[in-house]
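Work through the following exercises with the model in view, and try each task before reading its solution.

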Amino acid sequence: MDAYKILYQGVPSGADTALYSVPARGAQQYTIAGDAADIIPSVVDQNIQTIITQLIFCDAVGTSDTIDVHLTEASDTAAAAANMIFHALSVGANATERIKVNWPLSGGNTIRVVPTAGSIVTITVLGIEVK
């Protein structure tokens, strides 16, 4: 079942931080055997995709900050210039920035940020997990 939800909400440190990774295949499914007394777990091959719909950046400490936003493949383990989506995105002092997007991601893809060192910005990532 598709689920619209908060995929991440928090204050990342001043380092490369993974906010959300699309779940990999291998979710569990339960089947009822016989007279409904035996429940048997089994692993199913499900391809989960996620659509990132909105990014919200909130600076409530009175100093402006900048943040780099990256989308990485499953094989990438860190933010890099090659996977940067926004460079030095500015979040004003005591301000909230909302960015509506439509980013389809597949298993293992990750949204990452690299905030300015010492920044205190609450980040919320909204999206839909499609199963």
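The exercises below deal with strands, sheets and two residues with a particular backbone angle.

Before starting, note that this is a predicted model, in which local features need pLDDT of at least 70 and side-chain atom pairs count only at pLDDT 80 or more, while totals for chains, interfaces and linings use all residues. Residues are numbered from 1 along each chain as its sequence is written, and side-chain values use heavy atoms, with hydrogens and water left out.

**Exercise 1**

Determine the strand order of the open sheet that contains β2, and find which strands stand at its edges.

Solution. Begin with the terms: strands are DSSP runs (E, at least two residues) numbered from the N terminus, and two of them pair if DSSP finds at least two bridges between them. On this basis, 4 strands form an open sheet with antiparallel pairing, and their order is β2-β9-β6-β7. The edges are taken by β2 (17-21) and β7 (84-91), and because each has a single partner strand, one side of each is left without a neighbour in the sheet. Neighbouring strands here are turned against each other by 20 degrees on average, direction ignored; the axes behind such angles are lines fitted to C-alpha atoms, and angles run from 0 to 180 degrees between N-to-C directions. Inside this sheet, β6 (residues 65-72) and β9 (residues 110-115) run antiparallel and are joined by 6 bridges, and Leu71 has Ile111 in β9 as its bridge partner.

**Exercise 2**

Work out the order of the open sheet that contains β1, and say how β5 and β8 are joined.

Solution. Again 4 strands form an open sheet with antiparallel pairing, this time in the order β1-β10-β5-β8. Its edge strands, β1 (3-10) and β8 (96-105), each pair on one side only. From one strand to the next, the twist averages 20 degrees. Strand β5 (residues 49-59) pairs with β8 in the antiparallel sense over 8 bridges, and Thr50 stands opposite Leu105 in β8.

**Exercise 3**

Locate Ala88 and Asn94, and decide how accessible each of them is.

Solution. Take Ala88 to start with: this residue is found in strand β7, and although it is not a glycine, its phi is positive, at about 50 degrees. Its relative accessibility is 36%, so Ala88 counts as partly exposed, given that buried means under 20% relative accessible area, exposed over 50%, and partly exposed in between (1.4 Å probe, protein chains only). Asn94, in turn, lies in the loop between β7 and β8 and has a positive phi of about 55 degrees, although it is not a glycine. With a relative accessible area of 55%, Asn94 is exposed.
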